[in-house]
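Here is a short report on one protein and its ligand. The ligand comes first, then the two sheets and the helices that pack on them.

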Amino acid sequence: MDIAPGELVMFLGPSGCGKTTTMKMINRLIEPTSGHILIDGQDVLRIDRNELRRSIGYVIQQIGLFPHMTIGDNIGLIPRLLGWKATKIAGRIDELLELVGLDPSAYRGRYPRQLSGGQQQRVGVARALAADPPIMLMDEPFGATDPITREHLQNEFLKLQKELRKTIIFVTHDFDEAIRLGDRIAVLRERSVIAQFDTPERILSAPADDYVASFVGSGAAIRRMGLTTVGDAIHQGVLDRALPDGSTDGIVVRCEDTIRDAIDAMLRGGSAHVTVHDAAGHPLGSLDFERVCELWARAGQVNDSHVR
Ligand SMILES: Nc1ncnc2c1ncn2[C@@H]1O[C@H](COP(=O)(O)OP(=O)(O)OP(=O)(O)O)[C@@H](O)[C@H]1O
Ligand SMILES: [Mg+2]
């Protein structure tokens, strides 16, 4: 497996298949008995253990905050080990708490037991980011949060990653999370054998075998709709330039919305058409339910033919 700098790779696999073990081998909490893990061409076994761990942020599966330390001290742990000045550490703690959506004045002085499980997880993410490491290993970082908080965290995380472009391995059990966040997804079998390592689009449209297909489950076409924007679909010639009558008060979607959003808007509005607006709000044309379905069926066949 090769991971490019700045890439966000999701590990998806059943409980006990070896995801955490693989993560621990990357930062040498466990040493491999055979094989090699290289970072920038260098075998991790030859990199100084402490230096290695400083360059890799690790969000562990069980959160692992120190119970006797405040939230602020937990986050500032690595910067303190690195000898940062106290004022710089304090500034960084507040910056990171803001980032993960916890009010610094309310939370920096609290202890982990005074936070909910999901809030503790967010502190775990903040702590891993503290010294701005180029590589992040994140073991189910949002596992203990409810769907609404999770979606919020995922959005924030994606925004952040667009800016920071860290190299990230992110473990999840949640297939939709893998699809949503990953540049690529590694579907793993027992003993971390790679069943497929591919883009979300390819995993959905061309699962390598029945095992991968069982992760995808039903609803692959609809999930794929969530990955394609209206703008993408327009490039494939699905836009009708003529605007429907009375289009000004019809249902409107924007180019950056997904096809799934567009279909959803049609179903909610009880209409087989939606008007498409560009980013500046100018109408470009309309999308028709039938034509979207045709495009979809065609795209599905093209992709299926790749597998066989
Ligand atoms: N310290 C250990 N000693 C012996 N076996 C272990 C140890 N830690 C994990 N294992 C075993 O290694 C296998 C892989 O464990 P690992 O923790 O990597 O799984 P995982 O994919 O992270 O699972 P989960 O999704 O449940 O977190 C499991 O069968 C587990 O029981
Ligand atoms: Mg694990």
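## Ligand contacts

A polar contact is a pair of N or O atoms within 3.5 Å. The model shown here is predicted. In this model, an oxygen atom of ligand 1 lies 2.7 Å from an N or O atom in the side chain of T20. That distance falls within the 3.5 Å limit, so the pair counts as a polar contact. H173 also offers its side chain: one of its N or O atoms is 3.0 Å from an oxygen atom of ligand 1. C17 uses its backbone instead, with a polar atom 3.3 Å from a ligand 1 oxygen. On its own, ligand 1 has 640 Å² of accessible area, and the protein covers 45% of this.

## The shell around ligand 1

Which residues surround ligand 1? One run reads P14, S15, G16, C17, G18, K19, T20 and T21. Q61, E140 and H173 complete the shell. By type, the shell residues split into seven polar, two nonpolar and two charged.

## The six-stranded sheet

Six strands make an open sheet with mixed pairing. Their order is 4-5-6-1-7-8. Why does strand 4 have one side without a neighbour in the sheet? Strand 4 (56-59) stands at an edge and has a single partner strand, so one side is left free of a neighbour. Strand 8 (194-198) stands at an edge too, again with a single partner. From one strand to the next, the twist averages 15°.

Inside this order, strand 1 (residues 8-12) runs parallel to strand 7 (residues 184-188). Four bridges join the two. V9 stands opposite R184 of strand 7.

## Helices on the six-stranded sheet

Helix 1 (residues 19-26) lies across five strands of this sheet: strand 1, strand 4, strand 5 (135-139), strand 6 (167-172) and strand 7. Helix 1 runs at about 155° to strand 5. K19, T20 and T21 of the ligand 1 shell fall in the residue range of helix 1.

Helix 7 (residues 117-129) also packs on the sheet. Helix 7 touches strand 4 and strand 5, and its direction makes about 170° with that of strand 4.

## The three-stranded sheet

A further open sheet has three strands in the order 9-10-11. Its pairing is mixed. Strand 9 (252-254) and strand 11 (283-288) stand at the edges. Each has a single partner strand, so one side of each lacks a neighbour in the sheet. Neighbouring strands here are turned by 35° against each other on average, direction ignored.

Strand 9 pairs in the parallel sense with strand 10 (residues 273-277), over three bridges. V252 stands opposite T275 in strand 10. Helix 14 (residues 259-269) lies across strand 9, strand 10 and strand 11. Its angle to strand 10 is about 135°.

Terms used:
Residues numbered from 1 in each chain as written. Chains lettered and ligands numbered in written order. Predicted model: local features only at pLDDT ≥ 70, side-chain atom pairs only at ≥ 80, totals over all residues. Heavy atoms only, no water. Near = heavy atom within 4 Å. Polar contact = N/O pair within 3.5 Å; in protein donor to acceptor, adjacent residues only side chain to side chain. Areas by Shrake-Rupley, 256 points an atom, 1.4 Å probe, with all protein chains shown as cover. Nonpolar A, V, L, I, M, F, W, Y, C, P; charged D, E, K, R; others polar. Pairing = 2+ DSSP bridges. Axes fitted to C-alpha atoms, helices over the stretch in contact; angles between N-to-C directions. Contact = heavy atoms within 4.5 Å.
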